[in-house]
Amino acid sequence: MIDVIDDLHRRGLIAQSTDEAALRASLAEGPIAYYCGFDPTAPSLHVGHLVQLMPLRALQRAGHQPVVLVGGATGLIGDPRPTAERQLNDPGTVAGWVDSIQRQLAPFLERPAETDGLQGPIYVDNLEWTAKLSAIDLLRDLGKHFRVSKMLAKEAVSARLNSDAGISYTEFSYQILQANDYVELFRRHGVTLQTGGSDQWGNLTAGIDLVRRVEGASVHALSTPLVTRSDGTKMGKSEGGSVWLDPSLTSPYAFFQFWLNADDADARTWLPLFSERPAEEVDALIAESIERPAARTAQRALAEELTLLVHGPEELRQAEAAGRALFGRDDLGSLAAETLGAALEEAGALRVDGDVPSVAQLLQLTGLVGSLSEARRTVKEGGAYLNNERVTDADAVPADDAWLPGGWLVLRRGKRSIAGVQRTGTAGA
């Protein structure tokens with residue numbers, strides 16, 4: 001059986017760890033409890049959070065007990081960002097986000113009954129113990145264990161101190177609250193390992209130090225790398241903003257396309273991080289991607305595996321079917337209205353109200369061509385398609401029976417340029 005630490009190293013999921021030899025020994029002695037925290041700063045997690053879920057899943061497969069913390073308390077404060085103070089959200093809003101993120105996390109760690117021996121997750125909210133702390137308790141019982149010089153040395157804190165924005169005591173105190181989470185989880189659930197992003201390393205080690213000072217116990221931490229694109233930008237962003245795990249914020253089709261459209265270098269870097277395939281299969285996919293980049297082997301592997309993981313088999317099937325149908329390889333009628341609409345919104349959508357323009361006008365209005373004369377030339381050359389049927393009359397108006405479920409038309413120029421047209425008032429048709 002592959003050692004879980006070796007597997008995490010092989011996948012590139014360990015950036016830093018405390019006393020790795022001692023951690024390996026602890027893991028080898030028998031099941032441990034470990035935790036990772038997620039602050040509710042939005043109603044959903046995004047694809048950048050997947051890198052935190054991978055060690056959680058790997059350690060669970062190795063027989064250890066996952067504890068998942070969604071920070072109802074720390075989410076009210078906010079971890080210091082490098083450049084500016086976070087906006088403080090309303091407590092009711094944060095409480096709603098805690099609930100939605102806990103529900104979102106559940107499928108990643110819940111295991112079917114037949115997988116006996118795998119530990120089911122424990123979910124906790126740090127507001128449960130933090131809300132009970134008085135100001136005196138915080139200062140006397142926790143604050144006395146923290147040295148200001150070490151707190152100031154934390155990268156995010158020092159960056160803010162040297163900026164025009166400065167830093168409030170609210171955000172400065174965040175690391176005390178997170179460190180206290182480790183103490184509470186050690187006491188309540190016997191947690192002896194915390195995982196988190198490498199930007200959280202100062203908070204992770206502060207927790208280890210507090211457990212040692214308060215409980216006299218030796219515990220561990222490991223961090224995952226910060227995952228970026230090859231151009232240095234955050235991987236969780238697309239042109240339209242964050243790529244969310246919530247299907248109401250980022251459709252399964254758009255989620256699938258995010259991975260499918262990844263740069264070749266990014267896909268080869270991300271595949272070991274996010275794929276739970278055997279090492280030799282991952283290596284073969286990367287080799288094929290290098291040998292035949294046009295096949296987009298690594299991208300397709302990521303898109304299929306992660307869409308299945310996040311959204312399930314039916315949404316994966318629909319996302320794949322949408323890609324085939326939009327480009328004429330499958331029947332558009334096979335798509336659910338929601339999938340078709342999501343795919344066309346992603347491609348670019350035009351709404352029409354009242355009289356429906358001609359095909360030539362629609363080609364121009366959607367931006368598939370620059371002018372009516374170019375539209376007519378495209379039709380004449382056989383390069384314009386309406387619902388995957390070649391258009392022969394540029395001045396024809398789409399008939400009533402041409403509109404697909406949801407009130408959509410699919411316009412295509414050539415093989416790859418797609419746009420959607422929706423008739424106002426028919427979205428639920």
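In the predicted model, Glu314 is partly exposed, with a relative accessibility of 44%. Its salt-bridge partner is Arg317, and the closest N and O atoms of the two side chains are 2.8 Å apart. Arg317 is likewise partly exposed, at 41% relative accessibility. Both residues belong to helix 17 (residues 313–326), where a spacing of 3 residues places them about one helical turn apart. Elsewhere, salt bridges with shared partners connect Glu128, Glu184, Arg187, Arg188 and Glu215 in one network. The structure contains 22 salt bridges in total.

A further intrahelical pair is found in helix 2 (residues 20–29), where Arg24 and Glu20 lie 4 residues apart, or about one helical turn. Their side chains form a salt bridge with an N to O distance of 3.1 Å. Arg24 has a relative accessible area of 25% and is partly exposed; Glu20, at 24%, is also partly exposed.

The salt bridge between Arg57 and Glu276 has its closest N and O atoms 2.7 Å apart. This pair links distant parts of the chain, as 219 residues separate Arg57 in helix 3 from Glu276 in the loop between helix 14 (264–274) and helix 15 (279–291). Arg57 is buried, at 9% relative accessibility, whereas Glu276 is partly exposed, at 27%. In general terms, side chains of opposite charge can pair when their charged atoms come close.

The largest nonpolar core comprises 56 residues, of which Val47, Leu50, Phe255, Trp259, Trp270 and Phe274 touch the most other members. Helix 3 (residues 50–61) supplies the largest share of this core, with 7 residues. Beyond its neighbours within four places in sequence, Leu50 is in contact with Phe108, Leu245, Phe255, Trp259, Phe274, Leu306 and Val310. A second core, separate from this one, consists of 26 residues, among them Tyr35, Leu185, Ile208 and Leu210. In soluble globular proteins, nonpolar side chains tend to be buried together.

Aromatic residues were also examined for ring pairing, and 7 aromatic pairs were found across the whole structure. Phe258 and Trp270 form a stacked pair, with a centre-to-centre distance of 6.1 Å and an angle of 15 degrees between the planes. Because Phe258 lies in helix 13 (residues 252–260) and Trp270 in helix 14, the pair ties together parts that are 12 residues apart in sequence. Both residues, Phe258 and Trp270, are buried. Together with Phe255, Trp259 and Phe274, they form one aromatic cluster.

An open sheet is built from 5 strands in the order 9-13-12-10-11, with mixed pairing. Strand 9 (349–352) and strand 11 (389–390) occupy the edges; each has a single partner strand, so one side of each lacks a neighbour in the sheet. Strand 12 (residues 408–413) pairs with strand 13 (residues 417–423) in the antiparallel sense over 6 bridges. Within this arrangement, Val410 stands opposite Gly420 of strand 13.

Two arginine side chains were found with their charged ends over aromatic rings. The charged end of Arg412 sits over the ring of Tyr385, at 4.3 Å from its centre. The charged end of Arg416 sits over the ring of Phe327, where the distance to the ring centre is 4.5 Å.

Note on methods
Residues are numbered from 1 along each chain as its sequence is written. This is a predicted model: local features need pLDDT of at least 70, side-chain atom pairs count only at pLDDT 80 or more; totals for chains, interfaces and linings use all residues. Side-chain values use heavy atoms; hydrogens and water are left out. A nonpolar core is a set of buried Ala, Val, Leu, Ile, Met, Phe, Trp, Tyr and Cys residues joined through side-chain atoms within 4.5 Å. Buried means under 20% relative accessible area, exposed over 50%, partly exposed in between (1.4 Å probe, protein chains only). Helices (H or I, at least four residues) and strands (E, at least two) are DSSP runs, numbered from the N terminus. Contact means heavy atoms within 4.5 Å. A salt bridge is a side-chain nitrogen of Lys or Arg within 4 Å of a carboxyl oxygen of Asp or Glu. Two strands pair if DSSP finds at least two bridges between them. Rings of Phe, Tyr and Trp (its six-membered ring) pair if their centres lie within 6.5 Å; planes under 30 degrees apart count as stacked, over 60 as edge-to-face and the rest as tilted. A charge sits over a ring if NZ of Lys or CZ of Arg is within 6 Å of the ring centre and within 35 degrees of the ring normal.
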